[in-house]
Amino acid sequence: MSKIEEFYKIVENWAYNRGFKVVEEQNGTNSVYINSFLITINASQGPENRLFSLLHECGHILLCQDEKRYKEAFPGVWNGIQDKRKSRSRFFRVSLVEEEMMAWNEGLNLAKSLDIDINEDKWNKHKTDCLYTYLRWAVITVGMVHE
């Protein structure tokens, strides 16, 4: 087992100890389903990017563990969850991008707390690629967004 695979298992165990199951899906998405206690990881990624994606999804778990703090930090997302009509607003989109950025930060902090060595250049490239998709979504579809 490679070092990256060992690190992946450490993070997978961290998630498991919090009640989450990690499932890899070929050509799947990198997502966390908080209420279902499920993390999906795109198995089509290389091993290092799978590790980075898993850390990021665990970052979401850390952000969501305190509902009051989550509501205060990401009010646009919270409002959009409560009322789907509000999920079409700029406020929702900006708040969601903020959450995504924070989840990357939390994921990197988790790696450090678990003594996982991260190649920060590769981490930053993967993070940038992923965040860019959210930024494009937030801006390109702005014409479809309710003010």
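Which strands does helix H1 lie across, and at about what angle does helix H1 run to E1? In this predicted model, helix H1, made of residues 3-16, lies across E1 and E3, and its direction is at about 130° to that of E1.

To place that helix, it helps to look at the sheet itself, in which three strands form an open arrangement in the order E1-E3-E2, with mixed pairing. Strand E1 (21-25) and strand E2 (31-33) stand at the edges, and because each has a single partner strand, one side of each is left without a neighbour in the sheet. Neighbouring strands of this sheet are turned against each other by 20° on average, if direction is ignored. Between E1 and strand E3 (residues 38-42), which run parallel, there are five bridges, and Val 22 has Ile 39 in E3 as its bridge partner. Helix H2, residues 47-64, also packs on the sheet, where it touches E1, E2 and E3, and its direction makes about 155° with that of E3.

Further along the chain, we can turn to a pair of helices. The axes of helix H5 (residues 90-113) and helix H6 (residues 120-140) come within 10 Å and cross at roughly 165°. Since an angle over 145 degrees counts as roughly antiparallel, H5 is therefore roughly antiparallel to H6. The crossing in which H5 passes H6 is right-handed. Among the residues that meet here are Phe 92, Leu 96 and Trp 104 in H5, and Trp 123, Leu 131 and Tyr 134 in H6. Sorted by class, the contact of H5 with H6 has 13 nonpolar, two polar and five charged residues.

Methods: Residues are numbered from 1 along each chain as its sequence is written. This is a predicted model: local features need pLDDT of at least 70, side-chain atom pairs count only at pLDDT 80 or more; totals for chains, interfaces and linings use all residues. Side-chain values use heavy atoms; hydrogens and water are left out. Axes are lines fitted to C-alpha atoms, for helices over the stretch in contact, and angles run from 0 to 180 degrees between N-to-C directions. Helices (H or I, at least four residues) and strands (E, at least two) are DSSP runs, numbered from the N terminus. Angles under 35 degrees count as roughly parallel, over 145 as roughly antiparallel, 65 to 115 as roughly perpendicular and the rest as oblique. A crossing is left-handed if the near helix is turned anticlockwise from the far one by less than a right angle, and right-handed if clockwise. Contact means heavy atoms within 4.5 Å. Ala, Val, Leu, Ile, Met, Phe, Trp, Tyr, Cys and Pro count as nonpolar, Asp, Glu, Lys and Arg as charged, and the others, Gly among them, as polar. Two strands pair if DSSP finds at least two bridges between them.
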